[in-house]
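Let us walk through this structure one piece at a time. Keep the sequence and the 3D view side by side as you read.

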Amino acid sequence: MLVKAWEFALITFGITWVVAFLVAGIIKAIATVVQKERKSATADNTK
Amino acid sequence: MFILELFQGIYTFFLVEPAVAGARLFLIALGFLLIYLSYKQILEPLLMIPMGMGMLGVNGGLMVMEAGNLGTLFVNPLASNTEQLMYFLQVDFLQPIYTFTFSNGLIACLIFMGIGAITEIDYLLAKPFMSIFLAVFAELGTILTLPIAMAVGLTPREAAAIALVGGADGPMVLFGSLMMAKDLFVPITVVAYMYLSICYAGYPFLTKIIPKRLRGIEMDWRAIPRVSKGAKFAFAVIMAGLLCLLFPVAAPLFTSFFVGLAVKEAGVTRYVEFLSGPLLYGSTFFLGLTLGALLGVDIILNPKVLLLLGLGMLALILSGIGGLIGGLIYYKISKDPFNPLVGIAAVSCVPTTAKVAQKCAFKANRKAMILGFAMGPCVAGVITTAIITGIYISGIGFIK
């Protein structure tokens, strides 16, 4: 059972890495989209 | 003896075994100590004063009830069938709070709504990869304490519940222990909150494992990019949806946190005022008072409590060390100057650990301003702890 506990802990650590970096990727994507929208809005205003 | 029977709180000392009477006296003394330390600002007074008062009240207020049984007029967590429950709801003054907000985890969710409404995510959104990187390292205690706790005799569910203390997030520990180890949720939550409130004093000692020249590294806070309100609002909504999809068992917590964040970023000020004021502080007050009232003699006489005290401490120390290791690794790989103390902030005791990082950096170098950078990992730690809570609750049944 103890071996299974270590396995479970390691799997949890791995999944946490994957999901956490997925979250970071989404944050980056949101920031990029919002930035692009803002830039195009600024460009429209200057026309 | 007749005169003594009038003062039942004292009389009941003579009706129980000496060990139980001693434990009662110990808990009363502990209640006084918590109140004193909170008054002196050594412990967090917001939670610890109500908790200490609850302990004093419940352990002092033991009396002879109907049919000669001993009991109090506070709360009965063991009431199970409907008839019993209806009786205690009418008799015990904290029973409605316990029955309707504790046993279903509502109180943790209410606190999370309030926390969401006061959380600043600018720094997390400005530096997402750095924040997340450090936050995962700072979960070392949450990960390692699970097998260690099982090795010393706890069941998988109890081990997972106490391991969550390493995430340094009170409501998450409360929610996780209610879901996984209901019998031990009182000592686990009390251990968690007691340790969290001494983080501010304890973690600075841990940071000394980093050499002074690294602790004093200056970081340019002007380099942190500004984040728009739209991005923050989109983050709250998308994250809530994604994390609920991935971990439905922790969906109430995710929804609570992100709804607080969403109303804040949407600028709904009336909701923000309600969530961050009356709701957050009202819930925290009743959480402390009810937890204190649940700390009766039966809890302290449970032999597992001593084990939980040790494991809770171990989880927090390991998480702190993990955060600092993450900080050192990031210091090595970062192109810009990076203070490894930011790593300790990733132990998500918002905002205490970020303040600890700033305090220690300032002590090493009066020009080092790292609080802005530290807030990102601090908030990211809430997310990683929530992810691990979700995995533990859904997956712990696989360990057989």
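Start with helix α7 of chain B, residues 106-118. At 1.5 Å a residue, its 13 residues should span 18 Å. The end C-alpha atoms of α7(B) are 19 Å apart, so the expected span and the model agree. Keep in mind that this is a predicted model.

Is α7(B) enclosed or open? It is largely enclosed by the rest of the structure, because 11 of its 13 residues are buried. The buried run begins with B:I107, B:A108, B:C109 and B:L110. B:I111, B:F112, B:M113 and B:G114 are buried too. So are B:I115, B:G116 and B:A117. What covers these buried residues? The cover includes four helices of chain B: α6 (95-102), α12 (170-180), α16 (251-265) and α17 (269-294).

Now step back to chain B as a whole. Its mean pLDDT is 91. Of its residues, 100% reach 70 or more. The model itself scores ipTM 0.88 and pTM 0.88.

The domain assignment divides chain B into domain 1 (1-73) and domain 2 (93-398). The contact between them takes 21 residues from domain 1 and 19 residues from domain 2. On the domain 1 side, α3 (18-39) and α4 (45-60) of chain B each supply at least two residues. Which helix gives the most to that side? It is α4(B), with 12 residues. By class, the domain 1 side divides into 15 nonpolar, 4 polar and 2 charged residues. The C-alpha centres of domain 1 and domain 2 of chain B lie 31 Å apart.

Next comes the nonpolar interior. The largest nonpolar core has 157 residues. Helix α22 (residues 371-395) of chain B gives the most to this core, with 15 residues. Both domains take part: the core draws at least three residues from each of domain 1 and domain 2 of chain B. Those with the most contacts inside the core are B:I162, B:V165, B:I188, B:L253, B:A357, B:I370 and B:A374.

Take B:I370 from that list. Leaving out residues up to four places away in sequence, B:I370 touches B:M219, B:N339, B:L341 and B:V342. It also touches B:A357, B:Q358 and B:A361.

B:M219 leads us on to another residue, B:F338. Where does B:F338 sit? Its place is in the loop between α19 (304-333) and α20 (342-345) of chain B. Is B:F338 buried or exposed? It counts as buried, because 21 other C-beta atoms lie within 10 Å, and the cut-off is 20 or more. Neighbours within four places in sequence aside, B:F338 is in contact with B:I217, B:M219, B:Y330 and B:Y331. Compare B:F338 with B:G216: they are 122 residues apart in sequence and 9.9 Å apart in space, C-alpha to C-alpha.

Finally, turn to chain A. It has 47 residues, with 1 helix and 0 strands. Its C-alpha atoms fill a box of roughly 70 × 5 × 5 Å, taken along the principal axes. How much of chain A is buried? The share is 28% of its residues. Where the chains meet, 24 residues of chain A are in contact with 31 residues of chain B. The chain A side of this contact has 19 nonpolar, 2 polar and 3 charged residues.

Notes. Residues numbered from 1 in each chain as written. Chains lettered and ligands numbered in written order. Predicted model: local features only at pLDDT ≥ 70, side-chain atom pairs only at ≥ 80, totals over all residues. Core = buried A, V, L, I, M, F, W, Y, C linked by C-beta atoms within 7 Å. Buried ≥ 20, exposed ≤ 12 C-beta atoms within 10 Å, placed from the backbone. Domains from an automatic or database assignment. Contact = placed C-beta atoms within 7 Å. Nonpolar A, V, L, I, M, F, W, Y, C, P; charged D, E, K, R; others polar. Expected span 1.5 Å × (residues − 1). pLDDT = per-residue confidence, 0-100.
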